[in-house]
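Colleague: I would like to learn how to read a model like this one. Can we take the sheet, the helix packing and the empty spaces in turn?

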Amino acid sequence: MSSYEITTVGLLPDAAELKRRCRALALLDAILMPEWEWRYFSFDATWAPDEDMASMRDGEGGATFLHFSPAGVAGKIVHESVQRRGELDDVPACFASFKEEPAFGSEAGFYLWQERGKSTWMSSPAEASAPLLGFVVGQAAYYAQWARDYYERDVDETAVRRAWETLSVSADELEQLGSERTLEDLADDLREILGG
């Protein structure tokens, strides 16, 4: 799925909207895949006080980690298409906890960040392909097409769009999405993804 490969971080939405889209991806994956370890997307709104973590894993060694904190958002991308290695020293000191957190992996070829209060995304190196972030640019329609292929099932695009836009799902929408899960099954996932 390379239609929305990102070659410049300038295509990304602001940090707040990026977080919302990451939550939507995690919600949709939780609906379609009961086993967490087989999901492509996850979101942890309880990562730490005032900190959230999103991840995208392609099952073939490619991964994206996004850390949302009072300092802003920082990301680390590991993917075979990233040919150059980013310089960790280029990432601002305000993201020190992100840089040092072992859960985000140690090897990466591409780093990106947006400091709180700033509208510009920065990256190291300046240009790199980051296919996994394409889902946040492609949004609901892109996810629906991908899910049909990846999960090999009929996925109703209208139901995907509703879940994407509202960050919620009803029992009827679970059925429309071809999920075998119930709202009760999803309760713990919803707490992790949405917080509260």
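The dialogue below goes through a predicted model, from the sheet to the helices and then to the cavity and a pocket.

Colleague: Start with the sheet. In what order do the six strands come, and is the pairing parallel or antiparallel?

Modeller: Strands pair if at least two bridges are found between them. Here six strands form an open sheet in the order 1-2-3-4-5-6. The pairing is antiparallel.

Colleague: Which are the edge strands?

Modeller: Look for strands that pair on one side only. Those are strand 1 and strand 6 (122-124). On average, neighbouring strands of the sheet are turned by 15° against each other, direction ignored.

Colleague: How many bridges link strand 1 and strand 2?

Modeller: Five bridges, in the antiparallel sense, with strand 1 covering residues 41-48. Phe41 has Met56 of strand 2 as its bridge partner. Follow Met56 onward: its bridge partner in strand 3 is Thr64. Strand 2 and strand 3 also run antiparallel, joined by six bridges.

Colleague: And the hairpin of strand 1 and strand 2: how many residues lie between the strands?

Modeller: Two. Check phi there. Asp50 takes a positive value, near 65°.

Colleague: Now helix 1. Which strands does helix 1 lie across?

Modeller: Helix 1 lies across strand 1, strand 2, strand 3, strand 4 and strand 5. Against strand 1, helix 1 runs at about 120°.

Colleague: At what angle do helix 1 and helix 6 pack?

Modeller: Take the angle and the axis separation together. Helix 1 (residues 15-32) and helix 6 (residues 183-194) pack at about 170°, and their axes are 10 Å apart. Angles over 145 degrees count as roughly antiparallel, so helix 1 is roughly antiparallel to helix 6.

Colleague: Which residues of the two helices meet?

Modeller: From helix 1 come Arg23, Ala26, Leu27, Ala30 and Ile31. They meet Leu186, Asp189, Leu190, Ile193 and Leu194 in helix 6. By class, the contact has eight nonpolar residues, no polar ones and two charged.

Colleague: Next, the empty spaces. How many cavities of 30 Å³ or more does the search find?

Modeller: A cavity is a space where the probe fits but cannot get out. The search of the whole structure finds one of 30 Å³ or more. The volume of the largest cavity is about 30 Å³.

Colleague: Which residues line the largest cavity?

Modeller: The lining is Ala26, Ala30, Trp36, Arg39, Phe41, Ser42, Phe43, Asp189, Glu192 and Ile193. Helix 1, strand 1 and helix 6 each supply at least two of the lining residues. Six are nonpolar, one is polar and three are charged. Some names return here: Ala26, Ala30, Asp189 and Ile193 are among the residues of the helix contact, and Phe41 is the bridge partner of Met56.

Colleague: What is the volume of the second largest pocket?

Modeller: A pocket, unlike a cavity, is open. The second largest has a volume of about 220 Å³. Of its 16 lining residues, the closest to the centre are Ala15, Ala16, Ser69, Gly72 and Arg116.

Colleague: Which element gives the most to that lining?

Modeller: Helix 1, with three residues. Others giving two or more include strand 3 (63-69) and strand 4 (72-78). By class, the pocket lining has four nonpolar, four polar and eight charged residues.

Terms used. Residues numbered from 1 in each chain as written. Predicted model: local features only at pLDDT ≥ 70, side-chain atom pairs only at ≥ 80, totals over all residues. Heavy atoms only, no water. Axes fitted to C-alpha atoms, helices over the stretch in contact; angles between N-to-C directions. Helix = DSSP H or I, 4+ residues; strand = E, 2+ residues; numbered from the N terminus. Parallel < 35°, antiparallel > 145°, perpendicular 65-115°, else oblique. Contact = heavy atoms within 4.5 Å. Nonpolar A, V, L, I, M, F, W, Y, C, P; charged D, E, K, R; others polar. 1 Å grid on protein atoms, 1.4 Å probe; cavity = no way out; pocket = protein on both sides within 12 Å on 5 of 7 lines; lining within 4 Å. Points joined across faces, edges and corners; volume = space filled by probe spheres on them.
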